[in-house]
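Subject: Structure for your files, with notes

Hello,

Here is the structure I said I would pass on. My notes on helix packing, salt bridges and two individual residues follow below.

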Amino acid sequence: MKLTGKQTWLFENDIYIEETGTVVGPKEGEGPLRHQFDRTYEDLYCEQPSWELAERQLMKEAIEVCLEKANVRKEAIDFFVAGDLLNQNVTANYVAREMGFPFLGVFGACSTVMEALLIGAMLIDGQFARRVLTATSSHYGAAERQFRFPTTLGVQKANSTAWTVTGGAAALVSKQPSPFRIRAATAGKVIDGGSDNPLNMGTAMAPAAVDTIRQHFFDLQLDERAYDLIVTGDLGKVGSIIAKQMLKEEGLEVGERYRDCGVMIYHSEQNAFAGGSGCACCAVVTYGHLFNEMKRGKVKNMLIVATGALFSPTMIKQKQTIPSIAHAVAIEAVSR
């Protein structure tokens with residue numbers, strides 16, 4: 001692995017995503033990508049007594065699905081890199097406790113999936129591990145209770161509000177050849193565009209997404225034609241329009257190459273407002289739908305740019321603006 005430019009790692013060894021696992025909730029199971037996920041729950045509680053325990057079940061089950069598909073035993077995992085949205089990363093912490101893996105907890109809000117993946121790839125490329133398991137999760141009910149108004153209040157949402165995806169996703173990173181090879185990764189900077197509206201996270205996160213995409217292309221001396229798809233995590237309907245315009249101002253005409261996971265995951269008639277968000281948004285769409293597109297030969301390579309708003313209710317009450325971050329990983333399809 002070598003640092004290329006200021007923020008991008010170009011992996012010198014062949015690093016693969018050996019397998020993935022995706023588990024989602026009922027709203028995601030009713031969306032346009034419903035057949036792209038490994039498992040779907042029909043109830044938001046996921047057969048658990050609380051939303052927080054439901055989220056834990058989603059992450060745990062995604063891990064189990066991933067390892068089962070890879071035919072890999074738990075004992076073969078060297079490190080577990082994971083994070084979530086809840087205070088102190090409690091979902092990942094408790095799953096790590098149960099699984100017994102050596103654990104590295106990470107937090108990048110909704111960008112956590114790519115943060116965990118790029119750390120896993122670095123560990124493999126540097127020969128610090130043979131297999132690294134990465135995972136993340138989010139849950140609509142648990143996130144609403146922590147970040148916004150409790151759902152029991154029935155507060156009307158603004159059209160710019162994102163809908164937290166209920167789901168869990170896991171990816172196994174190793175040198176074992178698979179259809180998905182990690183070629184490069186760009187670690188983002190914390191960017192503050194001045195937004196102070198927690199009900200419009202797309203606007204808050206768009207500047208970070210654009211900054212990371214621009215830096216990725218600059219560091220590797222590439223342009224937008226280098227990838228079949230450039231995918232942001234969860235800017236939604238509002239943020240993706242802003243990001244596309246900002247990229248154009250940077251001289252990057254992404255056009256039809258650009259997609260957003262928050263826009264893709266729900267039908268317009270599902271009343272998801274601006275679209276999907278949460279740690280699971282980018283994770284389940286990428287490891288489910290987009291990887292299936294690569295398997296079918298429809299996508300040869302793509303740049304996944306997971307975005308995260310780094311705020312808390314405490315900071316919002318103190319009238320602080322919302323900083324954000326975006327981490328990018330370049331993945332290419334491998335013929336087998």
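In this predicted model, helix 2 (residues 51-70) and helix 5 (residues 140-147) have axes that come within 8 Å and cross at roughly 130°. That angle makes helix 2 oblique to helix 5. The crossing of helix 2 past helix 5 is left-handed. On the helix 2 side the contact is made by Trp51, Glu52 and Glu55, and on the helix 5 side by Gly141, Ala142 and Arg145. By class, the residues of this contact are 2 nonpolar, 1 polar and 3 charged.

A second helix pair is helix 4 (residues 112-125) with helix 9 (residues 279-295). Their axes come within 7 Å and cross at roughly 60°. Thr112, Val113, Met114 and Leu117 of helix 4 meet Cys279, Cys282, Ala283 and Tyr287 of helix 9. Here the classes are 7 nonpolar, 1 polar and no charged residues.

Next, the salt bridges. The count comes to 17, and three of the pairs are described here.

- Asp14 and Arg183: the closest N and O atoms are 3.6 Å apart. Asp14 is in strand 2 (residues 8-24) and Arg183 in strand 9 (residues 180-186), so this salt bridge ties together parts that are 169 residues apart in sequence. Asp14 is partly exposed at 35% relative accessibility, and Arg183 is partly exposed at 28%.
- Glu75 and Arg73: the closest N and O atoms are 3.4 Å apart. Glu75 is exposed, with a relative accessible area of 61%, and Arg73 is exposed as well, at 62%.
- Asp223 and Arg225: the closest N and O atoms are 2.5 Å apart. Asp223 is partly exposed, with a relative accessible area of 25%, whereas Arg225 is exposed at 61%.

The Asp14 to Arg183 pair also belongs to a network of salt bridges that links Asp14, Arg181, Arg183 and Glu332.

Two single residues are worth listing with their surroundings.

Thr164 lies in strand 7 (residues 163-164). Thr164 has a relative accessible area of 2%, under the 20% cut-off, and is therefore buried. Leaving out residues up to four places away in sequence, Thr164 touches Glu28, Leu85, Ser138, His139, Tyr140, Ala143, Glu144, Arg148, Tyr266, Ser277 and Gly278. Helix 5 covers residues 140-147, so Tyr140, Ala143 and Glu144 among these contacts of Thr164 are helix 5 residues.

Ala306 is placed in strand 14 (residues 301-309) and counts as buried, at 0% relative accessibility. With residues up to four places away in sequence again left out, Ala306 touches Cys110, Ser111, Val113, Met114, Gly233, Cys282, Ile325, Ala326 and His327. Val113 and Met114 of helix 4, and Cys282 of helix 9, also take part in the contact between those two helices. The C-alpha atoms of Ala306 and Leu235 are separated by 9.2 Å, and these two residues are 71 residues apart along the chain.

Which residues does Ala306 touch from the helix 4 and helix 9 contact? They are Val113, Met114 and Cys282.

Regards

Notes:
Residues numbered from 1 in each chain as written. Predicted model: local features only at pLDDT ≥ 70, side-chain atom pairs only at ≥ 80, totals over all residues. Heavy atoms only, no water. Axes fitted to C-alpha atoms, helices over the stretch in contact; angles between N-to-C directions. Helix = DSSP H or I, 4+ residues; strand = E, 2+ residues; numbered from the N terminus. Parallel < 35°, antiparallel > 145°, perpendicular 65-115°, else oblique. Left-handed = near helix turned anticlockwise from the far one by under 90°. Contact = heavy atoms within 4.5 Å. Nonpolar A, V, L, I, M, F, W, Y, C, P; charged D, E, K, R; others polar. Salt bridge = Lys/Arg side-chain N within 4 Å of Asp/Glu carboxyl O. Buried < 20%, exposed > 50% of the residue type's maximum accessible area, 1.4 Å probe, protein only.
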